[in-house]
Amino acid sequence: MLFKGKVFKYRDDVNTDEIIPARYLNTSDPKELAKHTMEDIDKDFMKKMKPGDIIVGEKNFGCGSSREHAPIAIKEAGVSCVIAKSFARIFYRNCFNMGLPILESAEAVDGISNGDLVEVDTVKGEIINKTTGKTFTVAPYPAFMQELIKAGGLIKYVAKK
Amino acid sequence: MGMTITEKILAAHAGKKEVRPGDLVWAKLDIALGNDITAPIAISEFRGSGAKKIWDKNKVVLVPDHFTPNKDIMSAEQSKILRDFAREQKLKFYFEVGEVGVEHALLPEKGIVTAGDAIIGADSHTCTYGALGAFSTGVGSTDLAAAMIGGKVWLKVPEAMKFVFNGKLPKWVSGKDLILKIIGDIGVDGALYRSMEFTGDAIRSLSMESRLSMCNMAIEAGGKNGIIEPDEITKKYLKGRSIRKPVFYASDKDAKYVSVTEYDASKLEPMVAFPHLPSNTRPISKVGNVRIDQVVIGSCTNGRIEDMRIAAKLMKGKKVAPYVRTLIIPATQAIFKQMIKEGLMEIFVDCGAAVSTPTCGPCLGGHMGILAAGERALATTNRNFVGRMGSPKAEVYLANPAVAAATAIFGRIAGPEEL
């Protein structure tokens, strides 16, 4: 997959309450959830972002609650992918299971500033900062995760068995 | 080479003789849990997969506890999805308002989770059950849906960190303080992807309530699970309660840990986590003058009978400070009833505290005690992120029930010794 978008960069430990506050969790409708994406860390995120844009976090992105509503909101908002130095484990699983592309790369995060234009090639495992011209390589997903992707996600994988 | 308790439980559930950190396994589950926020998505995915019947009607547990009794029409619709599904699938463990409690207090109390189990829950605090000597971890709704279909979960066997607490705990220092101390030391990702094993004579002396409270917050350090080896206290708690025969595992002497950290328990104090991370901790002696608008005593972390007894003992015969709201939320109906029996309800009401039916309520900013901009709460809950209890401009401080009780009386963060 190929993505290109403007970067919205945040700090360490962005938690799922900031991504989608619990006060909006009385629904699981992706469209309703998406309206409030990143609301408690960046109130105007939904006004500023355009479909295809990219969220970049430092370490431990997505910590806290297990709510899958967080990656659902990000995906439905039109964010193409999330890049971080590390992801909290439940958030990482959730992204994989529901299909929000995420990439782990400390070098890329250090080499990307807020507002940069970034291109991501998940097949080649490349992150290109178009603003600075720098390219970063990303380690491929573990073999098991690739199997899940090939099957079309966890539910399809399990249903087949 | 030996295995840790976590590795042994995962090996047993993966049908293997041994597992090592980094191994990817499919583990058979004893229990899969969902609540009124996470289960609606799981149920929708279950239906979307074409599945008709769940894997085991005795092992999928649904607990509508977050926005119940339902706070608005939309949350009522979410709960209805659970209720309809429970009826259709003939679930043995679905708890209606009136018998529902906060999930991680309710499941151990009812004996639905036990030692040696492998458990997942679509709720991050599912790690609570490690206190019983089970492997238990939080997952998302899709993982729950997959478990509802096939009864299994994929897991990477975690590396383990050992935390040893030696010596005698001072009065008023509880499991909550031990885990806050650890989180303060290692940070909110200090145990990311790892198993946290708590041991030492101070842990052995902890009540089951205090152990549950400690393991509950393993996720706040990023941990995959928190776990305490079963002992006599565990066995006594599980006796006559467990619906399955418990299996007692222990870590081998030569099990491998990525780190071993030792603490002198006798030197610890009650801890307070300042906004806006559970790792932003200070001992009570270094808190300073922090005025408080609301105190919450409850949640899956500290809403158990021992917590209520501690708070009531300190608040008896006193009055909540002027302009301070104090909310007492017993985590289950059994705790609620026990509070009536022991006269704790009378103590709380007499001192001007509001007592609520069991609910997660304000802990996640759901309902029943939401904060306005600029307000501060001290809570016995588990998270103090921005906006966690209402306004993104409010603040939440975390502490144990003794500190919460003293804080309610003084209207500022205070230690129980001050009373």
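User: Where in chain B is His276(B) found?
Analyst: His276(B) sits in the loop between strand E12 (271–273) and strand E13 (281–283) of chain B. Residues are numbered from 1 along each chain as its sequence is written, while chains are lettered from A and ligands numbered from 1 in the order in which they are written. This is a predicted model, where local features need pLDDT of at least 70, side-chain atom pairs count only at pLDDT 80 or more, and totals for chains, interfaces and linings use all residues; side-chain values use heavy atoms, with hydrogens and water left out.

User: What makes a stretch a strand or a helix?
Analyst: Both are DSSP runs, numbered from the N terminus: strands are E, at least two residues, and helices are H or I, at least four. E12 covers 271–273 and E13 covers 281–283, so each passes the minimum for a strand.

User: What kind of peptide bond joins Pro275(B) and His276(B)?
Analyst: A cis bond, with omega at about -5 degrees. Most peptide bonds are trans. Another cis bond joins Thr68(B) and Pro69(B), with omega at about -15 degrees. Pro69(B) is in the loop between strand E3 (60–63) and H3 of chain B.

User: What is the phi of Tyr323(B)?
Analyst: Tyr323(B) has a positive phi of about 65 degrees, yet it is not a glycine. Most residues other than glycine have a negative phi. Tyr323(B) lies in the loop between H11 and strand E15 (325–329) of chain B.

User: How do you know that chain A and chain B touch?
Analyst: By contact, meaning heavy atoms within 4.5 Å. On that rule, 39 residues of chain A are in contact with 49 residues of chain B. The two chains bury about 3,600 Å², 61% of it on carbon and sulfur atoms. Buried area is the accessible area (1.4 Å probe) that two parts lose on being put together, summed over both. In chain A, Asn26(A), Arg89(A) and Arg93(A) lose the most area to chain B, together 21% of what that side buries.

User: Why is the pair Asp17(A) and Arg388(B) called a salt bridge?
Analyst: A salt bridge needs a side-chain nitrogen of Lys or Arg within 4 Å of a carboxyl oxygen of Asp or Glu. The closest N and O atoms of Asp17(A) and Arg388(B) are 2.8 Å apart, so the pair qualifies. Side chains of opposite charge can pair when their charged atoms come close. Between chain A and chain B the count is 3 salt bridges, and over all chains it is 33.

User: How far apart are the closest N and O atoms of Arg47(B) and Glu88(B)?
Analyst: They are 3.1 Å apart, and the pair forms a salt bridge. The pair links distant parts of the chain, 41 residues apart: Arg47(B) is in helix H2 and Glu88(B) in helix H3 (residues 73–89) of chain B.

User: What makes the largest pocket a pocket and not a cavity?
Analyst: Openness decides. On a 1 Å grid over the protein atoms alone, a cavity is a set of points where a 1.4 Å probe fits but cannot get out; a pocket is an open set with protein on both sides within 12 Å along at least five of seven lines. Lining residues have an atom within 4 Å of a point. The largest pocket has a volume of about 980 Å³. Grid points are joined across faces, edges and corners, and the volume is the space filled by probe spheres set on the points.

User: Which residues lie nearest the centre of the largest pocket?
Analyst: Cys95(A), Phe96(A), Gly99(A), Tyr141(A) and Ile149(A), out of 39 lining residues. H5(A) gives the most to this lining, with 5 residues.

User: How does the lining of the largest pocket divide?
Analyst: Into 22 nonpolar, 11 polar and 6 charged residues. Ala, Val, Leu, Ile, Met, Phe, Trp, Tyr, Cys and Pro count as nonpolar; Asp, Glu, Lys and Arg as charged; the others, Gly among them, as polar. By that rule Gly99(A) is polar and Cys95(A) nonpolar.

User: How many cavities of 30 Å³ or more are there?
Analyst: The count is 4. The largest has a volume of about 230 Å³. Its lining has 22 residues, with His66(B), Asp123(B), His125(B), Leu364(B) and Arg388(B) nearest its centre. Arg388(B) is also the salt-bridge partner of Asp17(A). The second largest cavity holds about 70 Å³. It is lined by 13 residues, and Cys63(A), Gly64(A), Ala88(A), Arg89(A) and Ile219(B) are closest to its centre.
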